[in-house]
Amino acid sequence: MEVNIDGTIYPIDPDAQTDEWLVASANEIAQTARRRGIELSAYGGELVLSEAAKDRETLSVRPIKELLLSRFGVTATGYKSVIDSLNKDRDPRDRITKASRERLISEFEGWFTEDKEQYIGEAKKADPSLDFTLVATPNRLVDSGSLVKAAKDFGENQPYGTIVWEELESRYTAEQVSGTDPDNGKVAIFSLIPNKTTLKIDGTVEEQREKLEKLKLEHPFLKIPSLLEAISFWQTLRAGGAKFINDSSHERTYISHFDLPNQVIGEWEYTIQSFIDIQGGAVIYTASTNYGHLARIAVG
């Protein structure tokens with residue numbers, strides 16, 4: 001691989017570059033190709049970097065952990081992007097330090113237990129089109145104001161700004177919107193978020209809670225991604241090349257946060273839902289407790 005700078009050709013060894021460099025370069029190439037009318041394929045919301053050169057059947061039988069680690073550059077980029085958003089206008093003494101890729105991988109390997117790997121394997125076997133995005137969220141408590149800023153910062157690079165009903169969102173504590181546990185000494189919390197909602201857990205908020213509790217009897221690591229994890233999810237998908245401007249954006253990102261306590265506003269009772277709409281605008285808004293909702297269940 002070579003690059004032309006002011007008429008001089010400089011060689012670049014892709015194997016010597018970081019995962020983050022490869023992801024950023026691939027996304028820049030893809031954007032230029034699209035401007036010229038050339039479409040590059042995508043897989044699971046991420047650019048096909050090495051997959052295009054491999055047989056899909058071979059890819060499908062790769063060990064799950066190996067596959068997740070092969071995409072870890074995207075996970076790390078999403079994690080760092082969220083920290084950049086949270087650190088904007090933050091007191092320098094309270095800024096979040098980015099962990100190294102090596103530290104993140106070490107924590108991931110301790111987190112990704114055999115029971116989680118088995119669950120993912122069985123889920124993909126039952127539905128071969130199912131894919132999971134590995135998301136790393138900074139293990140910090142973030143108050144509602146900081147969370148709103150991070151969500152709106154994400155929207156600055158979207159066709160439309162992020163919509164947040166702050167009156168509702170501000171009623172939740174930092175523990176509730178973050179879903180993190182800083183006391184455990186980890187730098188990140190991990191979640192594997194599927195590209196599909198789970199039909200088994202659709203329904204009203206109360207119905208969804210009951211169904212999830214039953215599933216957790218067998219798989220206690222299942223959870224609803226927190227609002228902070230949702231923003232990390234958006235940033236990770238973007239790091240992988242997702243543009244979100246299509247009919248599948250809502251389906252790919254919708255999360256009903258039915259694990260949050262109900263809140264009464266006026267005569268109505270709500271929890272929160274988050275998603276990116278088909279025009280590319282991020283939304284954190286109300287979800288009526290009386291209406292039916294889909295559920296996106298993560299491995300946490």
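## Salt bridges, aromatic rings and a one-sided helix

Arg 71 and Asp 131 are joined by a salt bridge in which the closest N and O atoms are 3.2 Å apart. Arg 71 lies in the loop between helix H3 (64–70) and H4, while Asp 131 lies in the loop between helix H6 (114–126) and strand E5 (132–138), so the pair ties together parts that are 60 residues apart in sequence. Both partners are hidden from the surface, since Arg 71 is buried and Asp 131 is buried as well. The structure discussed here is a predicted model, and every value given below was computed from it.

### The chain as a whole

The protein chain has 12 helices and 13 strands, and of its 300 residues 47% count as buried. If one takes the contacts between residues at least 6 apart in sequence, 74% of them join residues at least 24 apart. The chain exposes about 15,200 Å², and carbon and sulfur atoms supply 50% of that area.

### Salt bridges

Side chains of opposite charge can pair when their charged atoms come close. How many salt bridges does a search of the whole structure find? The search finds 15, and three of them are set out in the table.

| Salt bridge | N to O distance |
|---|---|
| Arg 71 and Asp 131 | 3.2 Å |
| Asp 94 and Arg 90 | 3.3 Å |
| Lys 152 and Glu 166 | 2.9 Å |

The salt bridge between Lys 152 and Glu 166 links distant parts of the chain, with Lys 152 in helix H7 (residues 144–155) and Glu 166 in helix H8 (residues 166–169), 14 residues apart. Lys 152 counts as partly exposed at 36% relative accessibility, and Glu 166 is also partly exposed, with a relative accessible area of 37%. Elsewhere, salt bridges that share partners join Arg 71, Lys 124 and Asp 131 into one network.

In the pair formed by Asp 94 and Arg 90, the two partners fall into separate classes of exposure. Asp 94 is partly exposed, with a relative accessible area of 36%, whereas Arg 90 counts as buried at 12% relative accessibility, because buried means under 20%.

### Helix H5 and its two faces

An α-helix has 3.6 residues a turn, so residues three or four places apart point the same way. Which residues of H5 are buried? They are Leu 104, Ile 105, Glu 107, Phe 108 and Trp 111. These residues cover an arc of only 165° around the axis, which puts them on the same side of H5. The face of H5 that is turned away from this buried side carries the exposed residues Glu 102 and Gly 110. On the buried side, the residues of H5 pack against several other elements, namely H3, H4, H6, E5, strand E7 (188–194) and strand E13 (298–299).

### Aromatic rings

A pair of aromatic rings is described by the distance of the centres and the angle of the planes. A search of the whole structure finds 12 aromatic pairs. In one of them, the rings of Phe 108 and Phe 112 have their centres 5.4 Å apart and their planes at 15°, so the pair is stacked, as planes under 30 degrees apart count as stacked. Phe 108 is buried with a relative accessible area of 0%, and Phe 112 is buried with a relative accessible area of 6%. Both belong to one aromatic cluster, which is formed by Phe 72, Phe 108, Trp 111, Phe 112 and Phe 190. Two members of this cluster, Phe 108 and Trp 111, have already appeared among the buried residues of H5.

An aromatic ring can also be considered together with a charged group. The charged end of Arg 238 sits over the ring of Phe 154, 4.0 Å from the centre of that ring.

### Two further positions

Asp 89 has its place in the loop between helix H4 (72–87) and helix H5 (101–111). Is Asp 89 buried or exposed? Asp 89 is exposed, with a relative accessible area of 75%. Its C-alpha atom is separated by 9.7 Å from that of Ser 146, although the two residues are 57 residues apart along the chain.

Ile 163 is found in strand E6 (residues 163–164) and is partly exposed, with a relative accessible area of 47%. Leaving aside its neighbours within four places in sequence, Ile 163 is in contact with Ala 282, Val 283, Ile 284 and Tyr 285. The C-alpha atoms of Ile 163 and Val 148, which are 15 residues apart along the chain, are separated by 9.3 Å.

Terms used. Residues numbered from 1 in each chain as written. Predicted model: local features only at pLDDT ≥ 70, side-chain atom pairs only at ≥ 80, totals over all residues. Heavy atoms only, no water. Phe/Tyr/Trp six-rings, centres within 6.5 Å; stacked < 30°, edge-to-face > 60°. Buried < 20%, exposed > 50% of the residue type's maximum accessible area, 1.4 Å probe, protein only. Lys NZ or Arg CZ within 6 Å of the ring centre and 35° of its normal. Helix = DSSP H or I, 4+ residues; strand = E, 2+ residues; numbered from the N terminus. Contact = heavy atoms within 4.5 Å. Areas by Shrake-Rupley, 256 points an atom, 1.4 Å probe, with all protein chains shown as cover. Salt bridge = Lys/Arg side-chain N within 4 Å of Asp/Glu carboxyl O. Arc of directions from axis to C-beta.
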